[in-house]
Amino acid sequence: MDLLQLRHFQTVARFEHISRAAEELNVAQPSLSRTIARLEAELGTPLFDRLGRRIRLNQYGAVFLRHVDRALSELDDGRRALSEARDSGLGRVGVASETLLTVTHLMGGFRAAFPGAEVRLFQSNVEEMDRQLRAGEVDFCMASQPLAGPDLESVELLREEVLLAVPRGHRLDGRESVTIAEIADEPFVTTRRGHWQRALLERLFATEGLTPRLSCEGDEPGASQDMISTGLGIGLIPAMSRLAGTDTHVPVAWVHVEAPNCFRVLTLVWNRSAYHSEAARRFREFTISRPLMTHRRPDLRTHRERS
């Protein structure tokens, strides 16, 4: 077997679809199918289960993939180490985040402090983060859901209340707080499964034996407040948005949710066994030394009401 075979296998295993993998690799589908067949013949066992035109990674393929991921990750780390030793810069750091709005100011501050660092930023849900981290595609994940594994380490960056945002003029506009039972029949703007807002919404409702009604679900958490302001529904928004003053250009009303654990915890996660460039090490130190926000209950009154 050769490295090209292994990279082709890794891509097919990720997509579990020959056509999509061939498109990603920019190779002909029949050629990719033959590559996988030759690899299986050399190993003496099938790596995929064939179901008509569909394929699924089987138990043998899953075992082999773990070793392939580690081997290719080591080679990629070696290339990065050589590149950094040759070049005068700090190297590259890759970061995945569920929403880019969370890390915008942090990344800007890091680039200003370390202009010699090359930064790659990805928007990913928690499942993609897990794969990217283990495959060595990113150095760090900024996750609002747990990422666990024997080689993963994490540090808490932020713990904040999650608020209910409602359109101006809504029946809850002006309320200090609500219970889950009071909003059980309201339509919700939220994210697709895999994002922390959706997981939190379903968890809060499940605690009360309820299922939320959804009016809008998408892949960009940062767009939820815009959807809510137009009257499409209500939704859960982190207090960071309220404190950042986003309601000045996307008008919504804010309400506390009287439910246990209605908050999010943002963590920085990395693989301690992976190679980290000088840029990655500087990024970790920079991020940990700058706490984003403390866990406190924000004052929802307007500036006029407070004065």
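In this predicted model, the lining of the largest pocket comprises, by class, 19 charged, 11 nonpolar and eight polar residues. The lining is made up of 38 residues in total, and those that lie nearest the centre of the pocket are Gln10, Asp69, Arg134, Ala135 and Gly136. The volume of this pocket is about 1100 Å³. Several elements contribute to its wall, since at least two lining residues each are supplied by the helices α1 (3–15), α2 (18–25), α4 (59–86) and α6, and by the strands β3 (91–97) and β4 (117–123). Among these elements, α4 gives the most to the lining, with 11 residues.

Helix α6, one of the contributors to the pocket lining, runs over residues 126–135, and within it Val126, Met129, Gln132, Leu133 and Ala135 are buried. An α-helix has 3.6 residues a turn, so residues three or four places apart point the same way. The N-terminal end of α6 is capped by Asn125, of which a side-chain oxygen lies 3.1 Å from the backbone nitrogen of Glu127. After α6 comes Gly136, a residue with a positive phi, near 80 degrees, and Gly136 is also among the residues nearest the centre of the largest pocket.

A second helix, α7, was examined in a similar way. This helix consists of 12 residues (196–207), which at 1.5 Å a residue should span 16 Å, and the distance of 16 Å between its end C-alpha atoms agrees with that expectation. Its buried residues are Trp196, Gln197, Arg198, Leu200, Leu201, Leu204 and Phe205. These buried residues pack against five strands, namely β6 (152–167), β8 (187–191), β9 (213–218), β10 (235–238) and β12 (263–271). As with α6, a glycine with a positive phi follows the helix: Gly136 comes after α6, while Gly209, with phi near 70 degrees, comes after α7.

Strand β12, against which buried residues of α7 pack, also marks one side of the loop that holds His276, the other side being α10 (278–288). Although His276 lies in a loop, its relative accessible area is 9%, and because this value is under 20% the residue counts as buried. A polar atom of the His276 side chain lies 3.4 Å from the backbone oxygen of Ala274. When neighbours within four places in sequence are left aside, the residues in contact with His276 are Asp139, Phe140, Trp270, Asn271, Arg281 and Arg284.

Terms used: Residues are numbered from 1 along each chain as its sequence is written. Side-chain values use heavy atoms; hydrogens and water are left out. Buried means under 20% relative accessible area, exposed over 50%, partly exposed in between (1.4 Å probe, protein chains only). Helices (H or I, at least four residues) and strands (E, at least two) are DSSP runs, numbered from the N terminus. A polar contact is a pair of N or O atoms within 3.5 Å; within protein, one must be able to donate a hydrogen and the other to accept it, and residues adjacent in sequence count only if both atoms are side-chain atoms. On a 1 Å grid over the protein atoms alone, a cavity is a set of points where a 1.4 Å probe fits but cannot get out, and a pocket is an open set with protein on both sides within 12 Å along at least five of seven lines; lining residues have an atom within 4 Å of a point. Grid points are joined across faces, edges and corners, and a volume is the space filled by probe spheres set on the points. Ala, Val, Leu, Ile, Met, Phe, Trp, Tyr, Cys and Pro count as nonpolar, Asp, Glu, Lys and Arg as charged, and the others, Gly among them, as polar. The expected span of a helix is 1.5 Å times one less than its number of residues. Contact means heavy atoms within 4.5 Å.
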